[in-house]
Amino acid sequence: MLFEFPRPAACRPAGARQILAALAAALALAAPGAELRIGNGGEPLTLDPHRYNLNLEEKLLADLFEGLTALDADGRVVPGAAESWNVAEDGLVWTFRLRRNGRWSDGAPVTAADFVYSFRRLLDPRTAASLAHFLYAIDGAAAVNGGKAPPANLGVRAVDARTLEIRLAKPFPFLAERLVYPTGYPVPKHVVEKLGDAWTKPGSMVSNGAFTLADWQPQGFVRLAKNPRFHAAQTVRLQAVRYYPTADRNAAYSRYRNGELDIIGDFPPGELDWLRRELPDHVRLSPLLSIMYLVFNVARPPFDDPRVRRALALALDRQLITSRVLESGEVPSPSFVPPLVAGYQSAVRPEGPDRDIARSLLAEAGYDAENSLRVTLRYIAGADSKKVQVAIAALWKSIGVETILHHAEMNAHFAELRQGNFEVAQAGWFGENNPEQYLELLMSTTGEVNYGRFADAQVDALMARAKETAQLDARLALLQQAEVQALALNPVVPLYSVTIRSLVRPDIDGWRANPRNIHPARYLGLSGD
Amino acid sequence: MTRYLLRRLAFALITLWVVVTVAFFLARAVPGGPFDGQRRLPPAVEANLRAAYHLDEPLLGQYVRYLGMLSRGDLGPSFRQKDFSVNELIAQGLPISLAVGGSALALALSLGVVGGTFAALARNRPRDRLLVVVATLGLAFPPIIVGPVLVLVFAVLLGWLPAGGYDSAKHYVLPVAALSLPYAAAFTRLARGSVAEVLARPHVRTARAKGLAPWRLVVRHVLPSALVPVISFAGPAAAALLAGSMVIEEVFSLPGLGRYFVQGALNRDYTLVTGAVVVYAALVLACNLLADLCHMRLEPRLRRG
């Protein structure tokens, strides 16, 4: 028995019935309501929306659950479990109206009380949610999460079964955006209280999204089945989705090429040219809401000298880096808030490249051919990242700067950055559709993730005023000013937004490239369905 | 015999306890913790996480708690795979590793013994030379090279076999082949050497002179003693194969035990990595014991021990 295969059924000689069943299964792939097989980049560590931590878990959870707001196929914020909402004049009280036909997968109605329970559970210290701070904007959240106040003190209230009121500590116009993350998802109180931690097991989990959890073989696959009780179930075309933990992108690519996977979210970069030539209708490149940038350690000479920082910034050519070095449709970004952030127009004027000004700035700072500037540039190990850093070193050489490249594995790299052990370093931020999230990295109060320890009183004051402002236009105007003020001092050099390279079987529709890289299975189907 | 077995089992238990203790403290001595990431967590959040997994208690208390759980057969909750206990993860991964490793071991042993015997019987003839060359090549190409090549040829180019997964017996063909190849080569070389040596012994010459049929000669008089070194090597090899090969499991997307080792260590998932070590140690001890018992059957001189 020891050596028995776990799936012995397939080894048995096939009888007529099995052959018919196999034929039916083969036909089902072409018929409406097929099962898609998606490579998800890794194993989910949890399917409890309040304890999740990884982007790949977000994808599964977005199929299983629905928050008050949700993202559509284009990555836009749309009503989710709430059909509408309104915000009080002062920006502090948000009132959500839940759908009349919102149901859990066991048939129980989704109520405002479920949401109250869920927000309290997220912030309850006993839940140990690693992303609890996503919703610190709610009044009392930080105190509850820090164990200084009981969960009942949280500013969330069920006015009636279908009306939920969320009270904020400070105005936060981006709340609808923030609620699309699993931290804002409801969990079924009646199931969680009965089963405890076991509620996320297949067969036990009750969810309110377009799909339910049918099976989960750790490191094998997660299978989701269509939820017939979902409020928009009639628009969901797939009967099931299987997510595979494809941690090795070479293995995932082989499986895609062999027809064993229908969608993969990443492939070896070296294959891009071949794929563009041979399988052009499979390749999907989409820029992601993100900013890759260089950060100067302003606490360390000579990078405390704004002229040196400006000279190094002016020597760089973003267009060259994106269109000649990376060549995968990356979007160059002269501003720190990437241009992909909708609803925000950066006021930062693109500058350079200008080697003459760069050289004269360096000369002013005391560097010339005799006494050339030497910088150590730290970056994250990886083929793409290395190409970019080599290009940067070459561009700096053209203004007489000598660059020493130093690479490290991702976690080690960021550990060094947080401790300020660097001169110039590659950094990146994967954010949301909210300019504040990027600009906060340049506030003196931010701490470790303001890697360069940049501090400017005017920037801090503008940011603080923005955070008190309820009116969105006025708030964005203050953020624009803060960004212009900060970038004039060049604490960072914004470079580009990264591209996600996916392979999608051409007969799949509903998969739209979007800057969130979110592709909810409820919008996917096979063309001709 | 029974006393011998009992003594070996007692030793095995003590060894297991030492391994568990070393693994427990070593895992926690490595810099970094299970909740570290690119972004530092707010202090309140981190404190909540540490409390939930008893990491805020003194180390010795954690160790006693762990030994207590272990004595009840409970390997604890996984720190990172939050929805599963280590028992559940191992129960899911081990059968797959056993299936792949067991098949690879059986394949490698049969190929090795048959090939090695043939080579020894045809010593220094072209057949023997060819087998030696093939065996050397097999040793020179580790699974990390052979695996992707097999995938490229048999899955991507020819489309005969799946490139990964574990849904049917077909899915196991390529990983078993890739995994068994270096072991088959090692067994071939070992068997060839020891069969040749036994063939030169007087009792074999006598048997041959009596006109015994060659296959009976090999099975009755040569193999029992020639297999002793093969079995010695098979013990640890079996443990290594059965506990799951990280490389093979990555290349063929198999959810076996091997990847829990590496992932558990990389993610500082203390309970998972210690649990994997416990299972691995138990497998090594069991396989070695089994190999020793096989020895005693083959080598009567050892039985008195």
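This report describes a sheet in chain A, the contact between chains A and B, and two helix pairs, all taken from a predicted model.

## The sheet of chain A

In chain A, four strands form an open sheet whose order is β4-β5-β7-β6, and the pairing in this sheet is antiparallel. Strands β4 (82-87) and β6 of chain A stand at the edges with a single partner strand each, so one side of each of them is left without a neighbour in the sheet. From one strand to the next, the twist averages 20°.

Helix α3 (residues 112-123) of chain A packs on this sheet, where it touches β5, β6 and β7 of chain A, and the direction of the helix makes about 170° with that of β6(A).

## Strand β7 and its partners

Which residues of strand β7 (residues 163-167) of chain A belong to its covered face, and which to its uncovered one? The covered face holds Leu164(A) and Ile166(A), whereas Thr163(A), Glu165(A) and Arg167(A) make up the uncovered face.

With strand β5 (residues 93-98) of chain A, β7(A) runs antiparallel, and five bridges join the two strands. Within this part of the sheet, Thr163(A) of β7(A) has Arg97(A) opposite, while Glu165(A), also in β7(A), has Thr95(A) opposite. Both Thr163(A) and Glu165(A) are on the uncovered face of the strand.

Strand β6 (residues 156-160) of chain A also runs antiparallel to β7(A), and here four bridges join the pair. Ile166(A), a residue of the covered face, is the bridge partner of Val156(A). The connection from β6(A) to β7(A) is a hairpin, which passes through two residues.

## Where chain B touches chain A

How many residues of each chain take part in the contact between chains B and A? On the side of chain B there are 44 residues, and they are in contact with 41 residues of chain A. The elements of chain B that give two or more residues to this side are α2 (43-52), α4, α6 (143-157) and α10 (246-251). The largest share comes from α4(B), which supplies nine residues. Sorted by class, the side of chain B that touches chain A has 24 nonpolar residues, twelve polar ones and eight charged ones.

## A helix pair across the two chains

Helix α7 (residues 249-257) of chain A and α6(B) have axes that come within 10 Å of each other and cross at roughly 10°. At such an angle, α7(A) and α6(B) are therefore roughly parallel to each other. From α7(A), the residues that make the contact are Asn250(A), Ser254(A) and Arg257(A), and from α6(B) they are Pro148(B), Val151(B), Ala155(B) and Val156(B). These residues of α7(A) and α6(B) divide into four nonpolar, two polar and one charged.

## A helix pair within chain B

Helix α4 (residues 86-121) of chain B, which gives the largest share of the side that touches chain A, also packs with a helix of its own chain, since residues of α4(B) meet residues of α5(B). The axes of α4(B) and helix α5 (residues 126-140) of chain B come within 8 Å and cross at roughly 140°, which makes α4(B) oblique to α5(B). The crossing of these two helices is left-handed.

On the side of α4(B), the residues that meet the other helix are Gly115(B), Phe118(B) and Ala119(B), and on the side of α5(B) they are Arg127(B), Asp128(B), Leu131(B) and Val132(B). By class, the contact of α4(B) with α5(B) has four nonpolar residues, one polar residue and two charged residues.

Definitions and conventions. Residues numbered from 1 in each chain as written. Chains lettered and ligands numbered in written order. Predicted model: local features only at pLDDT ≥ 70, side-chain atom pairs only at ≥ 80, totals over all residues. Axes fitted to C-alpha atoms, helices over the stretch in contact; angles between N-to-C directions. Parallel < 35°, antiparallel > 145°, perpendicular 65-115°, else oblique. Left-handed = near helix turned anticlockwise from the far one by under 90°. Contact = placed C-beta atoms within 7 Å. Nonpolar A, V, L, I, M, F, W, Y, C, P; charged D, E, K, R; others polar. Buried ≥ 20, exposed ≤ 12 C-beta atoms within 10 Å, placed from the backbone. Pairing = 2+ DSSP bridges.
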